[in-house]
Amino acid sequence: MWKDNSSIQTKFLNKMILIVFASIGLWSLIWIQGEYSVFKSESDSLRTEHIKDQKSMLKKEVASVVKYINDMKKLSEQKFEFALKERVDEAHKIAMNIYQQNIDSKDLPEIKKMIKDALRPIRFNGGRGYYFAVSMEGVEQLYPVRPEFEGKNMMGLQDSKGNFVIQDEIKIIKRKSEGFVKHYWAKPDKDPSITYPKISFVKYFKSIDWYFGAGDYLDDYEKQIKAEVLNRIVELRFETEGYFFGSTFKGESLFSNGKITRGDGSIWNLTDPNGVKIIQEQKKAVENPEGGFVYYSWNKLNTSVPSPKISFVQGIPEWKWTIGAGVYLDTIEKTISKNKAALNNGVKNKLTRSVLILAVLLCLIYFWSNRISNQIQKSIETFSLFLKKTSVDSITINPDDLQLKEFKEIAVLTNKMLMGRKKAETALLKSEKQFQNLFNSITDLIYTQDMEGRFTSANPVIQNFFGYDMDDFLGRKASDFMEPEFQSDFNSRYLEVVKNQGYHESIACYFKKNKEKIYLEYKSFLVKPDDGGEPYITGIGRDVTEKILSKKRLEKLEKQIIQTQKLEAIGTLAGGIAHDFNNILFPVLGHTEMLLEDIPEDSPFHTSLNQIYTGAIRARDLVKQILAFSRQEKSELKLMKIQYLIKEVLKLIRSSIPTTIEIKQDIQADCGVIKADPMQIHQVIMNLTTNAYHAMEETGGKLKVSLNQVQLGEFDLITPDMEPGSYACLSVTDTGIGMEKNITDQIFNPFFTTKKQGKGTGMGLSVVHGIVKSMGGAIQVYSEPGKGTKFHVYFPIEKNSFEELNIQTEELIQPGDERILLVDDEEAIITMEKQMLDRLGYQVTSRTSSIEALEAFRANPDKFDMVITDMAMPNMPGDKLAVELTKIRADIPILLCTGFSETMSEEKAASLGIKGFILKPIVMKNLSLKIREVLDKKTISSD
């Protein structure tokens, strides 16, 4: 443009035009690159998240269907066996009714014929099922489908695998009177070379020395269950287009998209357009028990164009089924393509506008740059003359000699620079002093380190943090203030991160000069000086010790809360089963007690009945313990010394464990008195010693139990709930296999167990923990793998207590002759209760409905001297019935029985006018005493 390319005008104009071109071009490139980078990142993220969400959804949906199928399969097997047993029980009841009704009027052959005639025509399970009967000598008595075998001895009958059928059934009968038997037979309408398992249930009928049975083929029942499952799951859907499909491991279709395709043929070679063998890939995926994903392309239901698809499949190995579901992935690709087209259009529009703007800017720049460059050239020439003079003489520049304002300002600034240099030196000294004061007053640690990690400077707060003087601190590494085993690892790792990334942030634990632990949160930065000097590290540290310790205390508290919630959940479960379990125990106790009275003591059955009665009593006490543990039944607390209980348990466990385990005891006779429920203490000792035995069962060892009195001060307490004082310390030590720390942290959790199936439920130690905690005590465990386990249980000793010996006289059963109205909805219970009351001499009227009982009482209120009613009954519970009875006759004595009730207690029963309250199951002696207590109290009140 100008001849002199070195002039200010030429350079200024050319550079301005170049800058404009470069700026706009660079801005355009950066903007386009940024737009495409954002687009690509969002597209990749959108695609990844979409596939991840779809995978998670598919896996969850298929898992729910597989779980349903497994539940149905398991339930069907249970139902299959239950149905067989129920059928045989019905045959047994029919035979018993015929026998009891005719034994006094007909001879035994006639009764047997009547039984066979009654059972012969009965069919079940779609006509497949029938009853058979065999004598204990092996003679077939009833075989409806093959009557020619009746009357023949079938002891030599063998199934398809050579098993002796009748002999196997008789073995079961002799061993436990009833049970299941499995044999293998060829079906009449099937290939005779193929055998099928057939399950039979047999039950002994003592009166005629026969056993009855019924059976069915397991695969016939299983086919029915499979059909039911297919009909259920074929209708399942998820989201808008999702459906389930299934096939066998051999590639036979089962169902797909709401239709059952079973029997439509093999789809083993089904292939997508890309050559993927879909069914064969699914078979490979289900070889993993957790299932797997399969990628392929397939047509949607409303189009013939293949679309990418992902499916998740999981196998049912027992049925050799593959269950799966899939989704199409093309939806997200359409969204991404649409966004890309919109982006391209936007880029084109912005580029067009940028070109127009560039043209306008070039014109303006050319005009104004040319004008400004002329003025600059003149001003520079004038300013240059003044600078030549000032370089020789110590004079200032006169601003009035310059034309342009900017150069005048430069002249003024130049003059000020000369005068301000002196002031700057003074200000620098002042600034350095202020910075030093600020640096020293900061409460956080500020430091610098060399590239070897040694401290080179720090503010004075270092003395508060570490307790070291500055001279002792500088030159040392941060790792020097840690435990030795962490020093080398921390130092190398710390320097590597800082050098590679230029930044490091973390929290580390250090020790002060006085060995006190301190936690520091620090941030370190790598500094590379602009002047090319040696790089160094600078950083800041903050004391977060209280924050870390508070967090640890909070985590410990959260664990305690979780443990409490688990125990509350177990309590709720225990309360829920107590009522039904007590109702089951009641008839067992009652009938056994009456049989013990009827059978002579020298009878061979008397010992067995005693064992049954003892077991039922223990089961009753166990329910009481569970209810006490769940805070739904009050424990019977009394002052006691536990020495005799420990010795009693050790005698009991000695007889049940092998001699390879040596038992030692160290029981302090003068250990103090505690206040507790004896049954609960018995349970604590039994659980701990049983656990110790299991730990040494295979290897043998020593079991040591000791008891001594200890004094715990304020700093010796194990839990916050304990109080300083005297404690009875029960220690149970074994030399067994021991436990890892992560196991000992969980052993008190409900249902947690490391024992094999059948060795424990995981409830023992959680019950022990609950009992000890409720007493204000604590339990500790120490264990190492291979070194055994030691439990210490602390029971608080009662202050100013003394041991009392209570000699109680055995209370005898008390009979009576009053008239009693007995109400209970359980037929077995009311039958047994009536027999007990008849034995005691009472006149009993029984009802299984509270409504019927109320009507009977309303019809003749003076007919009854007392009412005994169950609490939990349909239509009208026992407490409501009691209210209605007292409305009719206010003085009627009422005794309320219950297995368990959250809503009823002895105090509440009394407030409703109920004279007595007793918990099931009830033994005859307790029932007789309670009846006399209620009736005799009424007699005294009347007097």
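In this briefing, a residue is called buried under 20% relative accessible area, exposed over 50%, and partly exposed in between, with a 1.4 Å probe and protein chains only. By that definition Cys729, at 5% relative accessibility, counts as buried. The model is predicted, so that local features need pLDDT of at least 70 and side-chain atom pairs count only at pLDDT 80 or more, while totals for chains, interfaces and linings use all residues. Residues are numbered from 1 along each chain as its sequence is written, and side-chain values use heavy atoms, with hydrogens and water left out.

**Cysteines**

- A disulfide is defined as a pair of cysteine sulfur atoms within 2.5 Å, and the structure holds 0 disulfides.
- For Cys729, the closest cysteine sulfur is that of Cys671, at 8.8 Å, which is too far for a bond.
- Cys897 also counts as buried, at 1% relative accessibility.

**Salt bridges**

- A salt bridge is taken as a side-chain nitrogen of Lys or Arg within 4 Å of a carboxyl oxygen of Asp or Glu; by this rule the count comes to 23.
- Side chains of opposite charge can pair when their charged atoms come close.
- One of the salt bridges links Asp838 and Lys834, at 3.3 Å from N to O. These two residues are 4 residues apart in helix H17 (residues 827-840), and therefore separated by about one helical turn. Asp838 is partly exposed, with a relative accessible area of 38%, and Lys834 is partly exposed as well, at 29%.
- Another salt bridge joins Asp450 to Arg454, with the closest N and O atoms 3.2 Å apart. Arg454 counts as partly exposed, at 33% relative accessibility.
- Asp891 pairs with Arg889 in a salt bridge whose closest N and O atoms are 3.0 Å apart. The partners fall into separate accessibility classes: Asp891 is partly exposed at 41%, whereas Arg889 is buried at 13%.
- Elsewhere, Lys85, Asp89, Glu178 and Lys203 are joined into one network by salt bridges that share partners.

**Positive surface patch**

- Lys664, Lys702, Lys704 and Lys790 form a positive surface patch. Patches are made of residues with over 30% relative accessible area and no salt bridge, with like charges joined within 9 Å and nonpolar side chains (Val, Leu, Ile, Met, Phe, Trp, Tyr) within 5 Å.
- For this purpose Lys and Arg count as positive and Asp and Glu as negative, with His and the chain ends not counted. The place of a charge is taken as NZ of Lys, CZ of Arg, CG of Asp or CD of Glu.
- Lys664 is found in strand E19 (residues 661-667); strands (E, at least two residues) and helices (H or I, at least four) are DSSP runs numbered from the N terminus. Lys664 is partly exposed, with a relative accessible area of 37%.

**Contacts between residues apart in sequence**

- Gln314, in strand E11 (residues 306-316), counts as buried at 14% relative accessibility. The C-alpha atoms of Gln314 and Ala63 are 7.6 Å apart in space, with the two positions 251 residues apart in sequence numbering.
- Gln683 is found in helix H14 (residues 678-695) and is buried, at 14% relative accessibility. Its C-alpha atom is separated by 8.7 Å from that of Val767, which is 84 residues apart along the chain.
- Pro144 belongs to the loop between strand E2 (140-142) and helix H3 (165-176), and at 13% relative accessibility Pro144 counts as buried. From the C-alpha of Pro144 to that of Lys116, 28 residues apart along the chain, the separation is 9.5 Å.

**Backbone with positive phi**

- Most residues other than glycine have a negative phi, and most peptide bonds are trans.
- Asp209, although not a glycine, has a positive phi of about 60°. Asp209 lies in the loop between strand E4 (196-205) and strand E5 (210-217) and is partly exposed, with a relative accessible area of 28%.
- Asn875 is not a glycine either, and has a positive phi of about 70°. The loop that holds Asn875 runs between strand E27 (866-870) and helix H19 (878-888), and Asn875 is exposed, with a relative accessible area of 72%.

How values were computed. Accessible areas come from the Shrake-Rupley method with a 1.4 Å probe; for residues, only the protein chains shown count as cover.
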